[in-house]
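Me: I have a protein model open and would like to talk through how its parts fit together. Could we take it one question at a time?

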Amino acid sequence: MKFVGVDYGLARTGLAVSDPEGRLAFPLETLRLADFADRKVFLAALAERIMQAGAEAVVMGLPLTLDGEESLTTRQIRNVTERLKRRVPLPFFFMMEALSSAEAWSDLREAGLKLSKRKAVLDQQAAVRILSSFLSLAPQERRQA
C-alpha cells in the first residue's frame, strides 16, 4: 500500500511518499502557505498533491508535548486532518511524533547538506521521519484518524 506522510506546519508543510509496497519513505515536496492566496487554497493544493502522488492512505504527524500531552498544535493538526478528509477520499492515520524536525535537521546535517539546502528540505525530511516511523509499525499498531 502506498502512503503519503504529512508534516503539517503553520508556515510550511512537508510531504513524503512511500514506495508502492509501503516499506520505504522518500521526500516529496514542501508547500509554503505564503505561496497560496489563503488557507483554503492551500488545503486544496495539499489535497491535490496527495492524490497526485497516487496515495492509498495518508499519515499525518501528530506532535505531542515532551510529557506526551496534546497541545494547541495537536488540535490544529486534528482540525486540518478533518478538513482534508472531506477533500481526500482515503483512509487517514495519525503517527505520534516528537522532535521530528529537530531529528530531520540532524539527519540533513549529517548527510553533509549546506545550511540553505537543509532549510529547503527540512519539512520533507521531517515527513520522511514520520512516514518511516509509521511504516515500521505492525498494522495493528497503526491508529486511524
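**A polar contact, then the cores and rings**

Reply: Happy to, and a good place to begin is the side chain of Asp 123, which makes a polar contact with the side chain of Arg 12 at 2.5 Å. Please keep in mind that this is a predicted model.

Me: Is Asp 123 buried or exposed?

Reply: Asp 123 is found in helix H4. Its relative accessibility is 5%, and buried means under 20%. Asp 123 therefore counts as buried.

Me: Which residues is Asp 123 in contact with, leaving aside its neighbours within four places in sequence?

Reply: Arg 12, the partner in the 2.5 Å polar contact, is one of them. Leaving aside neighbours within four places in sequence, the full set is Asp 7, Arg 12, Thr 13, Gly 14 and Thr 30.

Me: Thanks! Stepping back, what pattern does the protein follow along the sequence?

Reply: The protein has four helices and six strands. Read along the sequence, they follow the pattern β-β-β-α-β-α-β-α-α-β.

Me: How much of the protein counts as buried?

Reply: The accessible surface comes to about 7,600 Å², and 52% of that belongs to carbon and sulfur atoms. As for burial, the protein has 145 residues, and the share that counts as buried is 44%.

Me: Which element gives the largest share of the largest nonpolar core?

Reply: This core has 26 residues, and Ile 50 and Met 60 touch the most other members. At least two residues each come from E1, strand E2 (12-18), helix H1 (39-52), strand E4 (57-63), helix H2 (72-85) and E5. The largest share is six residues, and the element that supplies it is H1.

Me: What is Ile 50 in contact with, leaving aside its neighbours within four places in sequence?

Reply: Ile 50 is one of the two residues that touch the most other members of the largest nonpolar core. With neighbours within four places in sequence left aside, its contacts are Val 4, Val 6, Ala 55, Val 58, Val 88 and Leu 90.

Me: How many residues are in the other core?

Reply: That core lies apart from the largest one. Ala 16, Ala 25, Ala 57 and Val 59 are among its members. Its size is 13 residues.

Me: Now the rings: how many aromatic pairs does a search of the whole structure find, and how are Phe 3 and Phe 93 arranged?

Reply: The search finds five aromatic pairs. In one, Phe 3 and Phe 93 lie 6.5 Å centre to centre with 70° between the planes. Planes over 60 degrees apart count as edge-to-face, so the Phe 3 and Phe 93 pair is edge-to-face.

Me: Where in the chain do those two residues lie, and how many residues apart are they?

Reply: Phe 3 is in strand E1 (residues 3-7) and Phe 93 in strand E5 (residues 92-97). Phe 3 is buried at 3% relative accessible area, and Phe 93 counts as buried at 13%. The pair links distant parts of the chain, 90 residues apart.

Me: Which parts does the pair of Phe 93 and Phe 134 tie together?

Reply: These two form a tilted pair, 5.2 Å centre to centre with 50° between the planes. Phe 93 lies in strand E5 and Phe 134 in helix H4 (residues 115-135), so the pair ties together parts 41 residues apart in sequence. Ring pairs thus link a cluster of Phe 3, Phe 93 and Phe 134, and the parts asked about are strand E5 and helix H4.

Me: Lastly, which residue has its charged end over the ring of Phe 94?

Reply: The charged end sits 5.0 Å from the centre of the Phe 94 ring. The residue is Arg 78.

Terms used. Residues numbered from 1 in each chain as written. Predicted model: local features only at pLDDT ≥ 70, side-chain atom pairs only at ≥ 80, totals over all residues. Heavy atoms only, no water. Phe/Tyr/Trp six-rings, centres within 6.5 Å; stacked < 30°, edge-to-face > 60°. Buried < 20%, exposed > 50% of the residue type's maximum accessible area, 1.4 Å probe, protein only. Lys NZ or Arg CZ within 6 Å of the ring centre and 35° of its normal. Areas by Shrake-Rupley, 256 points an atom, 1.4 Å probe, with all protein chains shown as cover. Core = buried A, V, L, I, M, F, W, Y, C linked by side-chain atoms within 4.5 Å. Contact = heavy atoms within 4.5 Å. Polar contact = N/O pair within 3.5 Å; in protein donor to acceptor, adjacent residues only side chain to side chain.
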